[in-house]
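Here are a few exercises to work through with the model open beside you. Try each task before reading its solution.

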Amino acid sequence: MNSPVATPPTRCCTLAVACDFHAIREAAGQVRQFLTAAGLPASEGDAWELILTEAGNNAVQHATASGRHLPIGLDVVCGSTVVELRMTDHTAGFVLPAVAALPAADSEHGRGLYLIQTLADSVDYLQGRAENCLVVRKKIAAPLASPTRDLAGQLAESEQTLQAMTEELASCYENLSAVFRFSAALNQPQAAEEFAAKWLGELLTIVEADWYVLRVAEAGAVGELRVFASSFHDGLERMTKLLLRTAGMTQVEVAATLTKQDEWFDAQTPLESADLLAALVRRSSGLAHPIFVNETLLGMLTVGRLTDETPFKAAQVNIIQTFADFLGIQIANDQFRSEYLRTQLLRRELEIASDLQRSLLPETLPQLPGFGLAGQFQSARQVGGDFYDAIPIAGGRLLLAIADVMGKGVPAALFAAIFRSHLRARLYLADRPGDFLSWLNRSLFPDLNRLSMFITAQLVIIDPAARQVRVAGAGHCPLLVTTPGGTPREIPNTGLPLGIEAEVEYAAVTQPLKATERLLLFTDGLSDVRGAGNQILGLDRLKQHLQRITNQSHTAVEMAQALTAVLKDFQGDQPPADDQAFLVFAGE
Amino acid sequence: MKLSNQGNSLVVTGFTELSAGNAGEIREPIRTALTGTLSNIDMDLSQVQFIDSGGLGLLVALQKTAAERQGRIRLLNPTPRVQQILELTRLHRVFEIVRS
């Protein structure tokens with residue numbers, strides 16, 4: 001860190017303002033005074049007072065129900081050429097227009113944003129989940145004189161030196177804050193640790209300390225503080241995690257979390273021998289500062305000197321506390337943002353997978369004269385890779401395909417898409433469905449194998465002229481055949497799923513197709529559907545339902561509707577855990 | 001804030017700020033006082049050191065209130081700071097501004 005002579009002429013004003021109009025007005029007045037004291041002309045003070053009031057009024061007016069109880073954060077940084085305001089609100093947020101237009105002359109509302117944009121040089125609005133930040137910048141018409149010259153003459157006194165360092169720290173505040181925001185935006189999990197280490201290294205120089213340990217509360221692990229950054233490189237293994245519930249009061253860090261205030265150690269009250277820190281520093285003085293925000297423990301910064309004779313001075317303690325609180329909040333924000341990003345990405349992935357999956361299904365099903373075809377698809381909470389297709393092929397025949405990619409999300413949906421394109425690229429193989437599956441397996445095997453995924457599939461070729469059906473399967477659910485008043489029949493799929501072995505021979509079965517026969521192609525989401533008490537429907541019950549439906553229904557569409565109703569009835573209100581896909585083919 | 005009558009005008013004086021924070025406190029007494037033959041509102045802006053969009057909104061609302069009574073609102077001697085904001089929002093063309 002530079003010597004105080006080089007301190008940039010930057011001053012900060014940080015306020016937490018109650019969420020009401022009067023408090024905002026008062027704060028705007030304070031900021032105006034702060035800027036005037038910093039040397040800004042009255043006209044600029046006027047402008048900032050108005051900008052701040054307008055921004056604050058919006059934050060008050062649109063605060064959420066819970067946000068009304070939270071303070072509006074205000075940071076004003078006055079540099080030598082520009083003033084920047086950051087206002088943190090707890091509203092639902094809004095979309096900042098590039099240029100806010102003036103409302104009609106008789107409108108009683110809508111001039112605030114216009115005034116802010118007109119008076120300022122730049123306005124940005126950063127939207128978060130729990131809070132948003134309005135950033136307003138305005139150049140200073142006549143650059144301010146550097147206050148460093150005033151300080152230069154007062155360097156002799158150490159307290160003033162510390163004061164200057166505090167100011168420098170304040171000037172770093174913005175840089176540090178910006179760095180954290182950027183690193184969070186770039187989603188680099190390492191960045192926060194690195195920067196914490198860098199700035200805490202600077203802290204040691206500023207307060208003439210020798211060591212520090214920064215712990216941060218583990219997301220999802222209540223009562224655990226993990227070492228986030230430390231000046232110790234060796235000997236940390238034993239103290240990586242501080243378990244607040246099990247560790248005794250012998251640890252100064254635990255004591256600080258319990259008392260919620262700084263705990264000191266020095267010659268009079270040395271570190272207990274059982275304290276993990278004592279193993280690293282025998283004689284030391286310093287303090288453990290717990291970092292709380294809204295009663296929530298975010299972390300713990302412990303800073304010390306390798307002597308127990310000269311404890312920290314008040315100004316130094318002040319710097320340690322400020323530094324600790326700032327870093328704690330930044331790290332918590334960073335973790336919060338990363339977590340938020342992860343859930344956003346996951347949600348987006350599921351949306352993509354769901355869109356992809358639906359786009360694979362045929363929009364309309366081809367129909368053969370004298371027969372009906374109906375399909376139904378129900379996606380699960382977690383999108384999977386179920387898929388069906390129906391393609392008219394040469395000789396007035398119809399190829400029905402159904403597949404289930406094992407896996408979830410985008411990879412499963414992608415494989416369903418790949419399966420579909422492979423299927424449609426080799427339709428001439430449909431005469432020999434067994435060979436078709438062998439070919440599909442051979443082409444998909446390298447990718448499936450690499451990702452430890454596999455696909456079960458079934459191909460059914462219906463030839464109305466020959467009154468024949470040819471079936472080949474790769475580890476898929478059996479084809480169910482029913483006739484009104486008859487008993488259900490299974491045509492099993494004996495072959496291995498696609499992607500298990502590189503070379504597999506699949507056999508095809510040819511059976512006569514009676515005019516009254518109904519075929520059901522389905523994925524295991526139907527037979528494995530879970531109902532009340534977590535019980536599974538099962539293949540036998542599915543067959544019973546299918547037979548009953550066959551006896552009562554006349555068309556494929558009616559059957560599909562009845563089967564959908566059965567599934568819905570069985571699983572109740574819960575969305576299915578697995579995708580459900582089926583095709584019904586019926587002589588009509 | 002002080003309210004007085006001058007012919008068919010209600011004269012409003014003695015306030016130093018027109019903002020979202022005090023718009024309600026100013027509007028209600030004026031609406032209540034606007035009775036009988038009173039139809040115009042004269043707002044004395046000579047003491048007003050601060051106005052925000054909430055204050056501008058109040059002036060627009062009072063203009064409508066006066067119009068309902070076939071009256072109008074006049075802004076008396078606005079300070080340079082208020083004048084600047086009126087011009088910035090083009091409302092100086094909407095209101096009758098009187099200097100004495």
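**Exercise 1. Work out which secondary structure elements chain B of this predicted model has, and in what order they come.**

*Solution.* Start by counting: chain B holds three helices and seven strands. Next, walk along the sequence and write down each element as you meet it, which gives β-β-β-α-β-β-α-β-α-β. Finally, check how far you can trust the prediction here: the average pLDDT of chain B is 94, and 100% of its residues score at least 70.

**Exercise 2. Find what share of chain B is buried, and how its contacts are spread along the sequence.**

*Solution.* First, call a residue buried when 20 or more other C-beta atoms lie within 10 Å of its own. By that count, 35% of the 100 residues in chain B are buried. Then take the contacts of chain B with a separation of 6 or more: 74% of them join residues 24 or more positions apart.

**Exercise 3. Describe the side of chain B that touches chain A.**

*Solution.* Begin with the totals: 17 residues of chain B are in contact with 20 residues of chain A. Now ask which elements of chain B supply two or more residues to this side; they are α2 (53–68) and α3 (80–88) of chain B. Of the elements, α2(B) gives the most, with six residues. Sorting this side of chain B by class then yields eight nonpolar, six polar and three charged residues. For the model's overall scores, note ipTM 0.95 and pTM 0.43.

**Exercise 4. Analyse how helices α2 and α3 of chain A meet.**

*Solution.* Locate the helices first: α2(A) covers residues 42–61 and α3(A) covers residues 112–119. Their axes come within 9 Å and cross at roughly 145°, and the crossing is left-handed. Next, list the residues that meet. From α2(A) come A:Ala47, A:Leu50, A:Ile51, A:Glu54, A:Ala55, A:Asn57 and A:Asn58, while α3(A) offers A:Gly112, A:Leu115, A:Ile116 and A:Leu119. By class, this contact has seven nonpolar, three polar and one charged residues. To make sense of the spacing, recall that an α-helix has 3.6 residues a turn, so residues three or four places apart point the same way.

**Exercise 5. Pick out the buried residues of helix α7 of chain A, then look just past the helix.**

*Solution.* Go through residues 252–259, which form α7(A). The buried ones are A:Val252, A:Glu253, A:Val254, A:Ala256 and A:Thr257. Then step just beyond α7(A), where A:Lys260 adopts a positive phi of about 60°.

Methods: Residues numbered from 1 in each chain as written. Chains lettered and ligands numbered in written order. Predicted model: local features only at pLDDT ≥ 70, side-chain atom pairs only at ≥ 80, totals over all residues. Axes fitted to C-alpha atoms, helices over the stretch in contact; angles between N-to-C directions. Helix = DSSP H or I, 4+ residues; strand = E, 2+ residues; numbered from the N terminus. Left-handed = near helix turned anticlockwise from the far one by under 90°. Contact = placed C-beta atoms within 7 Å. Nonpolar A, V, L, I, M, F, W, Y, C, P; charged D, E, K, R; others polar. Buried ≥ 20, exposed ≤ 12 C-beta atoms within 10 Å, placed from the backbone. pLDDT = per-residue confidence, 0-100.
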